[in-house]
Amino acid sequence: MSYLETAESPEKLRRLVIDPVSRVEGHGKVTILLDDNNKIHQVRLHIVEFRGFEKFIEGRPYWEVPVSVQRLCGICPVSHQLAAVKAMDIIAGYGAITPTAEKLRRLMHYGQIVQSHAVHFFHLASPDLLLGFESDVAKRNIIGVVAAHPEIATQGVLLRKFGQEVIQHVAGKKVHGTGAIPGGMNKALTIPERDAMLAKVDDMIAWSTAAIHMLKKLHESDPDFYNKFGEFDSNMMGMVRGDGALDLYHGGLRANDADGKNIFDHVDYANYESVFDEEVKPWSYMKFPFIRTLGPENGWYKVGPLARVQVCDFIPTPLAEKERQDLLAIGNGRPSHGALLFHWARMIEALHGVEVIRDLLNDPDILGTDLIADKGARKEEAVGVIEAPRGTLFHHYRVNEDDVVTFCNLIVSTTNNNQAMNEAIRSVATRFLNGREVTEGLMNHLEVAIRAYDPCLSCATHAIGKMPLEVSLTDLNGKIIDTRFKNMLGA
Amino acid sequence: MSEIANTFTLDGQIVHFTPGQTILEAALEAGLYIPHLCFNPELKPHGSCKLCTVIVNGRSGSACTIKAMPGQEVQSSTPELDGRRRLQLQMIFVEGNHFCPGCEKSGNCKLQAVAYDLEMLNPHFPHFFPERPIDASHPDVMIDFNRCILCEQCVQTSRDVDGKNIFALAGRGMKSHLIINSPSGKLGDTDFALTDKAAHVCPVGAILEKRVGYAKPIGERIYDEKTIREQVAADAEGGL
Ligand code: SF4
Ligand code: FES
């Protein structure tokens, strides 16, 4: 029975997917519909998202959720912890958290940004970028990068490690730590911990800058290719601070259209339900969110690094802002939409992350010991939103008077990019595959486009430089004429 | 007539005991760890978890119930006994829902600590994934039945120490489970209080004070610095 048969009713839908047996880790599938002349008629990306997780949360006490929800993702657990705790601060009855607590949370969040962006760029994307989309598949992985560009690979590993260390100092562990609790933080930072991080920060700034410059060089080698690959117009969304600056921890939501014209600004994310809706399509497990006022046809958008650096008015750290200006310049005043530009934006954010970490570490508040806010009355419902490495992440909870979660809705970054990823592979398929026989190299073009969005499925597999992908060629009658599997789980 | 020394050997080490002590009590007092879960020094041992099973003069028995006797030869840390303990732990893990990364008792949990000590690396058996809703009806304490290992410490403490008889075990064998003595079966309908001793005896994350959660940072929890074995040794030294 199809998923869509019960999709009319969200309660039923969630119930269907809680069965842990049916949970499949990160499996992406692309289907392409061709006619006799290999002309492409349809391209679809189907993803099994982290389904059913809401059901694990419902029935649990609210104070447990920020930590337990981290099980959603092994690579950006901190994002889930923080989105959840922002909601639980409100539910538990806390007002604004203390300056030290907020700065510690920011520290761990930007540590997560640096860590996640470094992994993605150096481990997952650089094999394509540095070795070529159609390079020998046996060598097109991080091992190949190490052989060809040892210094870049080393820097990538150390940049990631730095991000992990930041997380570990604040949360107690590199992965699945604690740290943030409703009302604030559970541990103050010590001077030795701060100094250990400060000692490394200059190298990290240098290396993330070098990564951006490497990307710029690649871009200069063939600007047209890099601008147009996986390109398509769309709205973009991200969070901004009151003054319009990029802020990945807290702010209002801003969306601009493909030309950069504003759609909404400084929207309080607590009202996300009145701003967004999600469309269900029969052929994908993942929903398609859209902006209500624009409808499902025109209201979908991109989130993540490329959207964020272009919707904000400025990045509030100087080095990253300077790099941002260079990225903006290629659009001549219009936002850029090419998929590969995500990598460039991602490393600008990584640089920004390191700059923020440096500033936070130099702020005396970071060593403060006032970690928990004053408590007021318990609330029943709250929304927590954060800009996770991959884009805007929504957590919405209702908690009953016994302190138990009765309702949980998560819109993860990858879901926000669902339509955008579909459009990206359509763009690539039209340009590179139309009328040709599919080869491994061409197939990798599709992967490159999807990977640019850094969807959660690429990390869920824990496979270095690989992403499980299945491409099926189907004739107009729906008959599968060719299927290729790549890096499937268990293969 | 020469006096018989009040000593026995545990894995070859001489252990002094006070007459009346069990093997487990004497071992713990000497700082020697015998894996155990249901034993609580303040309660009458009832030997339900069987984790403390040792070989005494060639016969197996529970260290928490067998009285120490002069000249006993006790074996505990043998590959065979530890292997059996690991199997018992694995059965406990799959029978309930023990997901350490999301559990607030992590780092303070005896079950987790023993599993680490015995190097239980995987659950081995398929998980049962039982569906057991939590009881959060009480304003200050909640019970997560998913993590109950049926050690009965709460049952005994509430009955024998608090004089309230809030908890009981019902059902037999695979069906046995913890119940609350109230008409609704809910903790909120009893006179249970956070100040009751029974609110603080649970060795795992089943009976929890509400709204505490992860207030203790990683690094400051009971078993962060020392393993349970090292903790037992340290406690014995502190007690000297
Ligand atoms: S609730 Fe805790 S103390 Fe009571 S029987 Fe279960 S595990 Fe033992
Ligand atoms: S401690 Fe001896 S049987 Fe449980």
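In this predicted model, B:Val56 stands opposite B:Val74, a residue of strand S5 of chain B. The two valines belong to a pairing between strand S3 (residues 53-56) and strand S5 (residues 73-75) of chain B, which is antiparallel and made over two bridges. As a general reminder, strands of a sheet pair through backbone hydrogen bonds, in either a parallel or an antiparallel sense.

**The five-stranded sheet of chain B**

Let us step back to the sheet around that pair. Five strands of chain B make an open sheet with mixed pairing, and their order is S2-S1-S5-S3-S4. At its edges you will find strand S2 (13-16) and strand S4 (59-62) of chain B, each paired on one side only. From one strand to the next, the twist averages 35°. Helix H2 (residues 79-95) of chain B packs on this sheet and touches S3 and S5 of chain B. The direction of H2 makes about 155° with that of S3(B).

S3(B) also pairs with S4(B), in the antiparallel sense and over four bridges. Here B:Val54 has B:Gly61 of S4(B) as its bridge partner. The hairpin of S3(B) and S4(B) has two residues between the strands, and B:Asn57 takes a positive phi near 45° in it.

**A second hairpin in chain B**

Further along chain B, strand S7 (residues 167-170) runs antiparallel to strand S8 (residues 177-180), and four bridges join them. B:Ala170 stands opposite B:His177 of S8(B). Between these strands lie six residues, and in this hairpin B:Gly171 takes a positive phi near 80°.

**The three-stranded sheet of chain A**

Chain A has an open sheet too, with three strands in the order S11-S12-S13 and antiparallel pairing. Strand S11 (381-388) and strand S13 (405-411) of chain A each have a single partner strand, so one side of each is left without a neighbour in the sheet. Neighbouring strands here are turned by 15° against each other on average, direction ignored. Helix H4 (residues 77-92) of chain A packs on the sheet, where it touches S11, S12 and S13 of chain A, and its direction makes about 150° with that of S11(A). Six bridges join strand S12 (residues 391-399) of chain A to S13(A), and among the paired residues are A:His396 and its partner A:Asn409 in S13(A).

Here are the facing residues named so far:

| Residue | Bridge partner or opposite residue |
|---|---|
| B:Val56 | B:Val74 in S5(B) |
| B:Val54 | B:Gly61 in S4(B) |
| B:Ala170 | B:His177 in S8(B) |
| A:His396 | A:Asn409 in S13(A) |

**Where the chains meet**

In the interface, 19 residues of chain B are in contact with 21 residues of chain A. The two chains bury about 1800 Å² between them, with 63% of that on carbon and sulfur atoms. Which three residues supply the most of the area that chain B buries against chain A? They are B:Arg211, B:Tyr214 and B:Ile218, which together supply 37% of it. Four salt bridges are found across this interface. B:Lys210 forms a salt bridge with A:Asp403, and their closest N and O atoms are 3.3 Å apart.

**Around ligand 1**

Finally, the residues surrounding ligand 1 include B:Cys148, B:Cys151, B:Cys154 and B:Cys202, along with B:Ile149, B:Leu150, B:Pro203 and B:Glu152. By class, the shell has eleven nonpolar residues, no polar ones and one charged residue.

Methods: Residues numbered from 1 in each chain as written. Chains lettered and ligands numbered in written order. Predicted model: local features only at pLDDT ≥ 70, side-chain atom pairs only at ≥ 80, totals over all residues. Heavy atoms only, no water. Pairing = 2+ DSSP bridges. Axes fitted to C-alpha atoms, helices over the stretch in contact; angles between N-to-C directions. Contact = heavy atoms within 4.5 Å. Near = heavy atom within 4 Å. Nonpolar A, V, L, I, M, F, W, Y, C, P; charged D, E, K, R; others polar. Buried area = accessible area lost by both parts, 1.4 Å probe. Salt bridge = Lys/Arg side-chain N within 4 Å of Asp/Glu carboxyl O.
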